[in-house]
Amino acid sequence: MQKIFDKINSNIQLTSDDAIQLLNIKKFSSDYFELLKLSNLRSKNTFGSKGYLFAQIGINATPCNGCCKFCSLSKDNYIMSNENEKSIDEIIKEVNNIDFKKVNALFLMTTANYSKDKYLEIVKAVKKVIPSEIDLVANVGDFDVEYANNLKSCGITGVYHIVRLREEIDTGLQVSDRIKTIEAIRSAGLQLYYCVEPIGKEHTPEELVREMVRAREYGVDIMAAMRRVNVNSSEYSNDSELDEYEFAKIAAVTNLFVQPKISMNVHEPSKTAMIAGINQLYVEIGINPRDSILETSGNRGYTTIEAEALLKDLGYNV
């Protein structure tokens, strides 16, 4: 393992085999703590003391035809008490309550089957009321190059889009469609936000590294790792979740392998995972596919104050 650590210290790009070996490190071993230290050091050297808060508004809670086995909004295991879709006025009211002196980017999230035309109208309305320097990011279903350009012309600056772990197995979506959308994002000149997710105990190091490789090949500068939340009624509801110590290891390897230049995020946050060099967190509002209630800000979602406190504890300034 020392040879891999030496590569990290010398800023030599890690190979896939290196990453797999790092992911196989035993929890609480001396190598485990060395890995966390090196990831944290990499972040301090790259990000300095700059921390980021991103806000995300979940727009609709309706049964989704993406049929992700882990999602509370899947039509196969929809667990919300009722269906809900925010109006533009409701969304604007929530936007106006966001502290943009602290928040650097705003994400607008919908289910995969949400109306594309309606989404563009929401983007136009939101763009008018947020500060010009705030990044406006789409988190929606698959789309083509024409729609990517429409998003950009309406004010979107970036898109969160990924190939999920076990896509087509744990979801009803196609890997080819996910990749076509990512290519459309890049073609339109939009920033790509990427994440290795949703991580569970069943995922192998090889599966995790495959998505790290994809992120690095696309030159992703805003990166994340997210562990799966086993929501009630989902196919994983009776499984145990990945523990925070294993998650911290995965976050560290992701950071060191992908080497994002702007930020590294973990979700769901934990103080243990955050010592792997995390300098970005989310403030969540509205519907959340990892939650069972319609307003996550009163449950799973972090407030601006809570998220900022976590970052400040690690020496990052928001």
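**Cysteines, a buried glutamate and the core**

Visitor: Hi! Cys67, buried or exposed?
Guide: Cys67 is buried, as its relative accessible area is 17%, and the cut-off for buried is under 20%. Keep in mind that this is a predicted model.

Visitor: And Cys68, buried or exposed?
Guide: Cys68 is buried too, with a relative accessible area of 9%.

Visitor: How many disulfides turn up in the whole structure?
Guide: Zero, after a search of the whole structure.

Visitor: Why no bond for Cys67?
Guide: Because the closest cysteine sulfur, in Cys64, is 7.2 Å from the sulfur of Cys67, too far for a bond. A disulfide needs the two sulfur atoms within 2.5 Å.

Visitor: What about Cys68, which cysteine sulfur is closest there?
Guide: That one is in Cys71, 5.9 Å from the sulfur of Cys68, so it is too far for a bond as well.

Visitor: Changing topic: where does Glu308 lie?
Guide: Glu308 is part of helix 11, residues 304–313. Glu308 is buried, at 11% relative accessible area.

Visitor: What does Glu308 touch?
Guide: Leaving aside residues up to four places away in sequence, Glu308 touches Leu53, Lys102 and Val318.

Visitor: Now the largest nonpolar core. Which residues touch the most other members?
Guide: Leu106, Leu108, Tyr119 and Val126, out of 101 residues. Helix 9 (residues 244–258) gives the most to this core, with nine residues.

Visitor: What does Leu108 touch?
Guide: Beyond four places away in sequence, the contacts of Leu108 include Ile57, Ile59, Tyr119, Val126 and Asn139.

Visitor: What does the second, separate core include?
Guide: Among its seven residues are Cys71, Leu73, Tyr236 and Ile287.

Definitions and conventions
Residues are numbered from 1 along each chain as its sequence is written. This is a predicted model: local features need pLDDT of at least 70, side-chain atom pairs count only at pLDDT 80 or more; totals for chains, interfaces and linings use all residues. Side-chain values use heavy atoms; hydrogens and water are left out. Buried means under 20% relative accessible area, exposed over 50%, partly exposed in between (1.4 Å probe, protein chains only). Helices (H or I, at least four residues) and strands (E, at least two) are DSSP runs, numbered from the N terminus. Contact means heavy atoms within 4.5 Å. A nonpolar core is a set of buried Ala, Val, Leu, Ile, Met, Phe, Trp, Tyr and Cys residues joined through side-chain atoms within 4.5 Å.
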